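This report describes side-chain contacts in one structure. It takes up charged pairs, cysteines and aromatic rings in turn.

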Amino acid sequence: MRLAAFVVCVMALVIGERTLSIFSLHADTLAQARGRVMDLVQQGVSRYSQEIAAASAVLSTLAAADTSPGNPTPEQCERLHSVLDVAAGIETLTLVDTDGGVVCTTAPGAVGLDLSGREYFRIAMRGVANLSSVRQSYVTQTPAIYMAAPALEDDGEVRSVVIARVGITELFPESFSSDLDLRSQVLLIDPSGVVIRAAPDNGAMMGRNLNNTPVVSQTLSQTRGTIIAEGVDSVLRLYGYSRLPMSNMHLIVGLDMAAVTREVERATWRAAMTLLVATVIMLIGLWLVGETLIVAPVLALSRRLARFGEGKREGDDGRVVITELAPLASAFEAMAEELTRREDALRSANRRLSSLASLDPLTGIANRRSFDAVFAVQWSTARNLALLMIDIDDFKPYNDHYGHVEGDRCLNRIAQALAATARGTDVVARIGGEEFAILMPDANLAAALELAERLRAAIGELGIEHAPAVDGIVTISIGCAACAPVPGLHGRDLMMAADRALYAAKQAGRNRVCAAEAVQPGGGRTGTVSATARRDPAGG
């Protein structure tokens with residue numbers, strides 16, 4: 001009985017260790033699933049943004065091309081049909097006079113309709129292009145989004161309004177959900193919680209109000225995130241959700257939790273059955289053979305397993321080992337090798353995931369998280385530290401003028417130019433929307449200023465067009481600070497000094513480099529001195 005109790009205790013320890021490993025595997029699997037579902041959501045958001053941007057460009061072009069005075073002309077009406085042939089994402093185009101009457105349209109039977117009561121028309125009559133809420137189409141009786149752009153006279157008065165109807169099916173085609181399994185779900189929800197579009201579409205979800213369900217109630221209260229909850233069909237899913245840009249709608253994608261955790265459950269059952277079978281075999285062997293005949297062989301087997309755990313080869317210690325236990329020893333060795341192999345694979349996967357988590361996904365350089373980690377290490381080890389805080393001048397007008405796709409391309413080009421110009425030992429990171437930082441170990445203020453000037457010139461030489469800016473191209477402003485990490489100072493003091501220098505460069509007219517005269521403890525204000533006068537954007 002004492003030996004049986006000992007075996008039970010050993011198996012309990014093994015079960016505990018395997019349980020912890022399975023919990024860890026479950027956590028890793030769930031984290032990967034969260035990343036996957038948010039990737040799917042982002043694909044839908046990107047598709048929506050691209051279609052809206054394309055439709056907006058078409059409307060802006062039509063509105064800008066309308067140069068005739070007064071109400072729309074027949075030539076303008078005929079132009080709508082030719083434009084619609086090449087604008088695949090737009091269902092209809094409509095030209096409306098200043099009284100709200102439909103003068104001409106590509107939608108059959110819609111001429112003469114009065115749209116003066118529509119909110120998007122009233123906003124456009126104030127000279128503002130806008131995007132409507134989801135509405136029911138007069139013609140197709142299906143949900144659609146309406147975009148309105150005013151055609152303006154030279155004096156700013158509205159001459160007419162161009163309206164485009166973008167169908168929900170164009171924004172989220174069937175191909176979007178084709179890669180999901182049958183128990184997954186895609187929902188498009190309006191602000192009141194009503195289902196606008198569902199995939200797979202079985203007809204039961206369309207028009208249904210889900211405002212009181214856990215998934216939709218949390219979705220409507222937040223911008224983006226994930227939640228594990230039961231759907232209205234009682235299927236437990238991992239949901240990812242995001243509000244659509246310039247819209248009051250939310251996109252929800254749900255993955256079947258049974259599919260997400262299937263491999264973990266299989267691993268759990270395999271481990272449980274293996275341990276159960278091993279336990280039963282050992283207890284039956286003890287019951288049949290008896291304590292007096294099994295104690296010595298089991299002790300020998302324990303020593304053999306201990307030597308295996310220490311990495312030693314099995315040797316003959318002169319002890320008698322029961323021949324029937326040799327397969328059990330081999331089974332333990334095989335199980336240990338398999339478990340070691342799987343744990344090594346999990347560690348390798350975790351290292352790859354950790355590497356991806358330290359990089360900014362848009363630019364490929366370090367993100368804020370990894371920058372803060374390196375900064376903490378350098379502060380405690382380096383003799384001197386210099387910090388450059390960099391901000392793209394007038395980046396919001398750039399985004400508004402050229403669109404977010406070009407804005408992302410601009411950010412990526414600038415990030416690569418910064419990384420190529422910095423020293424090999426410097427850490428270049430994106431720490432905000434259009435804000436970058438460069439950490440220079442073992443560098444003084446003079447070295448920081450010299451690098452800052454080279455960076456400013458390098459960005460100017462890119463010659464990225466920026467029509468709303470004074471210089472006509474994209475430029476940067478840089479704040480520099482440097483200090484020795486002595487007692488009494490903290491890393492945040494250096495960051496605050498560099499940030500204030502950046503603010504001074506912005507206040508002085510942008511496209512400049514300014515440096516902090518000193519770094520003071522406690523974030524005390526420091527004077528700044530402009531390191532450059534305003535120069536040619538290309539660095540001349």
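## Side-chain contacts

Arg-456 and Glu-453 both belong to helix 13 (residues 445–462), where a spacing of 3 residues sets them about one helical turn apart. Helices (H or I, at least four residues) and strands (E, at least two) are DSSP runs, numbered from the N terminus. The model is predicted, and local features need pLDDT of at least 70, side-chain atom pairs count only at pLDDT 80 or more, while totals for chains, interfaces and linings use all residues. Residues are numbered from 1 along each chain as its sequence is written, and side-chain values use heavy atoms, with hydrogens and water left out.

### Salt bridges

The side chains of Arg-456 and Glu-453 are joined by a salt bridge, at 3.4 Å from N to O. The term stands for a side-chain nitrogen of Lys or Arg within 4 Å of a carboxyl oxygen of Asp or Glu. Arg-456 is buried at 3% relative accessibility, and Glu-453 is buried at 18%. Here buried means under 20% relative accessible area, exposed over 50%, and partly exposed in between (1.4 Å probe, protein chains only). Asp-391, Asp-393 and Lys-506 are linked into one network by salt bridges that share partners.

Over the whole structure, the search finds 15 salt bridges. Three of them, each within a helix, are set out below.

| Salt bridge | N to O distance | Helix | Spacing in sequence |
|---|---|---|---|
| Asp-400 and Lys-396 | 3.0 Å | helix 11 (residues 395–402) | 4 residues |
| Arg-409 and Glu-406 | 2.3 Å | helix 12 (residues 404–421) | 3 residues |
| Arg-456 and Glu-453 | 3.4 Å | helix 13 (residues 445–462) | 3 residues |

Asp-400 and Lys-396 are both exposed. In helix 12, Arg-409 is partly exposed, with 42% relative accessible area, and Glu-406 is partly exposed as well, at 32%.

### Cysteines

How many disulfides does a search of the whole structure find? The search finds 0 disulfides, the cut-off being a pair of cysteine sulfur atoms within 2.5 Å. A disulfide is a covalent bond between the sulfur atoms of two cysteines. For Cys-514, the closest cysteine sulfur is that of Cys-480, and at 8.5 Å it is too far for a bond. Cys-514 is buried, with 3% relative accessibility. Cys-483 also counts as buried, at 10%.

### Aromatic pairs

A pair of aromatic rings is described by the distance of the centres and the angle of the planes. Rings of Phe, Tyr and Trp (its six-membered ring) pair if their centres lie within 6.5 Å; planes under 30 degrees apart count as stacked, over 60 as edge-to-face and the rest as tilted.

The structure holds 5 aromatic pairs. One of them is the stacked pair of Tyr-120 and Tyr-146, with 5.3 Å centre to centre and 5° between the planes. Because Tyr-120 lies in helix 3 (residues 119–125) and Tyr-146 in strand 4 (residues 143–152), the pair ties together parts that are 26 residues apart in sequence. Tyr-120 is buried at 4% relative accessible area, and Tyr-146 is buried at 9%.

Phe-375 and Trp-379 form another stacked pair, at 6.3 Å centre to centre and with 10° between the planes. Both residues lie in helix 10 (residues 368–381), 4 residues apart, which is about one turn of the helix. Phe-375 and Trp-379 are both buried. Together with Phe-371, Phe-375 and Trp-379 make up one aromatic cluster.
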